[in-house]
Amino acid sequence: MTHRSEDTLIEAGKHPLVVRVADDDFQRDVLEKLARLEAKMDMLVGGAQPGRMRIAEQKIERLERNDVRRGVYDRLVNAIISMAISVLIAFHDRWWK
């Protein structure tokens with residue numbers, strides 16, 4: 001009987017149960033990682049609500065519009081200052097004689 005029980009233990013050791021458990025653990029790990037990846041992608045891209053990337057894109061668009069607007073204002077102010085200085089130089093002799 002001892003020999004018989006050792007045979008069943010040896011045969012049980014050859015059975016791929018250990019591999020199945022490892023496969024199940026591997027599958028579970030992969031599925032958990034995929035779920036976390038999906039959650040992160042939803043957070044970045046945005047599902048029902050805007051994600052962080054959409055908010056960042058909106059902020060960049062606002063900054064670009066403000067930058068263009070500020071550039072136009074700066075050019076207008078520079079043009080006015082240049083014209084004022086040119087007028088002052090042109091009429092310098094006439095006003096301070």
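Helices here are DSSP runs of at least four residues, numbered from the N terminus. The model is predicted.

**View 1. The whole protein chain is built from helices and has 0 strands.** There are 4 helices. From the N terminus on, the order of elements is α-α-α-α. Of the 97 residues, 1% are buried. The chain exposes about 9,400 Å², and carbon and sulfur atoms supply 62% of that area.

**View 2. A nonpolar patch of about 840 Å² lies on the surface.** Its makers are Phe26, Val30, Leu31, Leu34, Leu37, Met41, Leu44, Val45 and Met53. Helix α2 (residues 17-45) gives the largest share, 8 residues.

**View 3. Val45 is a patch residue found in helix α2.** Is Val45 buried or exposed? Val45 counts as exposed because its relative accessibility is 56%, and the cut-off for exposed is over 50%.

**View 4. Arg28 and Asp25 form a salt bridge through their side chains.** The N to O distance is 3.0 Å. Both residues sit in helix α2, 3 residues apart, which is about one turn of the helix. Arg28 is partly exposed, at 47% relative accessible area. Asp25 is also partly exposed, at 34%.

**View 5. Arg70 and Asp74 form a salt bridge in helix α3 (residues 52-90).** Here the side chains meet at 3.8 Å, N to O. Arg70 and Asp74 are separated by about one helical turn, because they are 4 residues apart in the helix. Arg70 is exposed, with a relative accessible area of 58%, whereas Asp74 is partly exposed, with 38%. A search of the whole structure finds 2 salt bridges.

Methods: Residues are numbered from 1 along each chain as its sequence is written. This is a predicted model: local features need pLDDT of at least 70, side-chain atom pairs count only at pLDDT 80 or more; totals for chains, interfaces and linings use all residues. Side-chain values use heavy atoms; hydrogens and water are left out. Patches are made of residues with over 30% relative accessible area and no salt bridge: like charges are joined within 9 Å, nonpolar side chains (Val, Leu, Ile, Met, Phe, Trp, Tyr) within 5 Å. Accessible areas come from the Shrake-Rupley method with a 1.4 Å probe; for residues, only the protein chains shown count as cover. A salt bridge is a side-chain nitrogen of Lys or Arg within 4 Å of a carboxyl oxygen of Asp or Glu. Helices (H or I, at least four residues) and strands (E, at least two) are DSSP runs, numbered from the N terminus. Buried means under 20% relative accessible area, exposed over 50%, partly exposed in between (1.4 Å probe, protein chains only).
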